[in-house]
Amino acid sequence: MRTVVLLIPYSIKSGKLFVMMQQRSMQQKRIPGYISFFGGGMNEGESEEQALTREVKEELNFDLKINQVKLFQSYEFYKTINHAYLFETNTDWTPPAVLEGDAAVWLNVEDAFDKPNITLKDKTLLNDLEIEFLNKPIR
């Protein structure tokens with residue numbers, strides 16, 4: 001079974017929850033053209049923390065310190081174990097570079113549910129974030 005680590009940069013502004021996601025290029029191997037969270041698969045022998053810092057460096061050229069993140073949840077979804085980590089910041093924050101995908105985009109979580117190019121897996125995680133931070137009901 002594949003194991004994946006995900007970074008969720010987030011900000012709460014005027015009572016709304018925003019997350020930064022990756023606009024994937026049409027040339028990417030997995031889910032081309034979709035909007036998804038930054039992260040990727042763990043290599044053999046890596047810890048979750050090592051995989052997360054490596055993926056963030058590879059995708060955003062950002063030297064993430066593990067004390068800057070908090071594990072939000074670990075869950076299984078379609079033959080993949082996912083570990084989602086929260087990174088609290090503000091919507092003015094931009095990564096040093098986007099080295100994988102076309103762009104980093106800030107999305108209002110409420111509006112993200114209407115986007116057809118976000119996977120069910122990521123929409124489920126967005127719903128869990130709404131429940132956690134905004135006390136919204138399950139969608």
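# Pocket, strands and side-chain contacts

By class, 9 charged, 7 polar and 7 nonpolar residues make up the lining of the largest pocket. This is a predicted model, so please read each contact below as a feature of that model.

Let us stay with the pocket for a moment. The space inside the largest pocket comes to about 540 Å³. Its lining counts 23 residues, and those nearest the centre are Arg2, Val4, Arg30, Ile31 and Lys121. Which helices and strands each supply at least two residues of this lining? They are the strands β1 (2–13) and β4 (38–41), together with the helices α1 (48–60) and α3 (120–134).

Strand β1 also takes part in pairing with another strand. β1 runs parallel to β6, and the two are joined over 9 bridges. Within this pairing, Leu7 stands opposite Tyr85 of β6. Strand β6, residues 80–88, has a second partner: β5, residues 70–77, pairs with β6 in the antiparallel sense over 7 bridges. Here Glu76 is the residue opposite Ile81 of β6. Is β6 mostly covered or mostly open? Mostly covered, with 7 of its 9 residues buried. The hairpin of β5 and β6 has 2 residues between the strands, and in this hairpin Tyr78 takes a positive phi near 45 degrees.

Now for the aromatic side chains. The model holds 4 aromatic pairs. One of them is Tyr10 with Phe133, a tilted pair at 4.7 Å centre to centre and with 35 degrees between the planes. Why does this pair tie together parts that are 123 residues apart in sequence? Because Tyr10 sits in strand β1 while Phe133 belongs to helix α3. Tyr10 has a relative accessible area of 9%, so it counts as buried. Phe133, at 23% relative accessibility, is partly exposed, because the buried class ends under 20%.

Another pair, Phe87 with Trp93, is edge-to-face, with 5.3 Å between the centres and 75 degrees between the planes. Both Phe87 and Trp93 are buried. Phe62 joins these two residues, as ring pairs link Phe62, Phe87 and Trp93 into a cluster.

Charged side chains meet as well, and the count comes to 5 salt bridges. Three of them are set out here.

| Salt bridge | Closest N to O | Burial |
|---|---|---|
| Glu46 and Arg54 | 2.6 Å | both buried |
| Arg54 and Glu55 | 3.0 Å | both buried |
| Asp63 and Lys57 | 3.2 Å | both partly exposed |

Arg54 appears in two of these rows, forming salt bridges with Glu46 and with Glu55. Which residues are linked in a network of salt bridges? The network brings together Glu46, Arg54, Glu55 and Glu58. As for the pair of Asp63 and Lys57, Asp63 has a relative accessible area of 48%, so it falls in the partly exposed class. Lys57 has a value of 34% and is therefore partly exposed too.

To bring the threads together, β1 supplies residues to the pocket lining, pairs with β6 and carries Tyr10 of the tilted aromatic pair. Helix α3 likewise supplies lining residues and holds Phe133, the partner of Tyr10.

How values were computed: Residues are numbered from 1 along each chain as its sequence is written. This is a predicted model: local features need pLDDT of at least 70, side-chain atom pairs count only at pLDDT 80 or more; totals for chains, interfaces and linings use all residues. Side-chain values use heavy atoms; hydrogens and water are left out. A salt bridge is a side-chain nitrogen of Lys or Arg within 4 Å of a carboxyl oxygen of Asp or Glu. Buried means under 20% relative accessible area, exposed over 50%, partly exposed in between (1.4 Å probe, protein chains only). On a 1 Å grid over the protein atoms alone, a cavity is a set of points where a 1.4 Å probe fits but cannot get out, and a pocket is an open set with protein on both sides within 12 Å along at least five of seven lines; lining residues have an atom within 4 Å of a point. Grid points are joined across faces, edges and corners, and a volume is the space filled by probe spheres set on the points. Helices (H or I, at least four residues) and strands (E, at least two) are DSSP runs, numbered from the N terminus. Ala, Val, Leu, Ile, Met, Phe, Trp, Tyr, Cys and Pro count as nonpolar, Asp, Glu, Lys and Arg as charged, and the others, Gly among them, as polar. Rings of Phe, Tyr and Trp (its six-membered ring) pair if their centres lie within 6.5 Å; planes under 30 degrees apart count as stacked, over 60 as edge-to-face and the rest as tilted. Two strands pair if DSSP finds at least two bridges between them.
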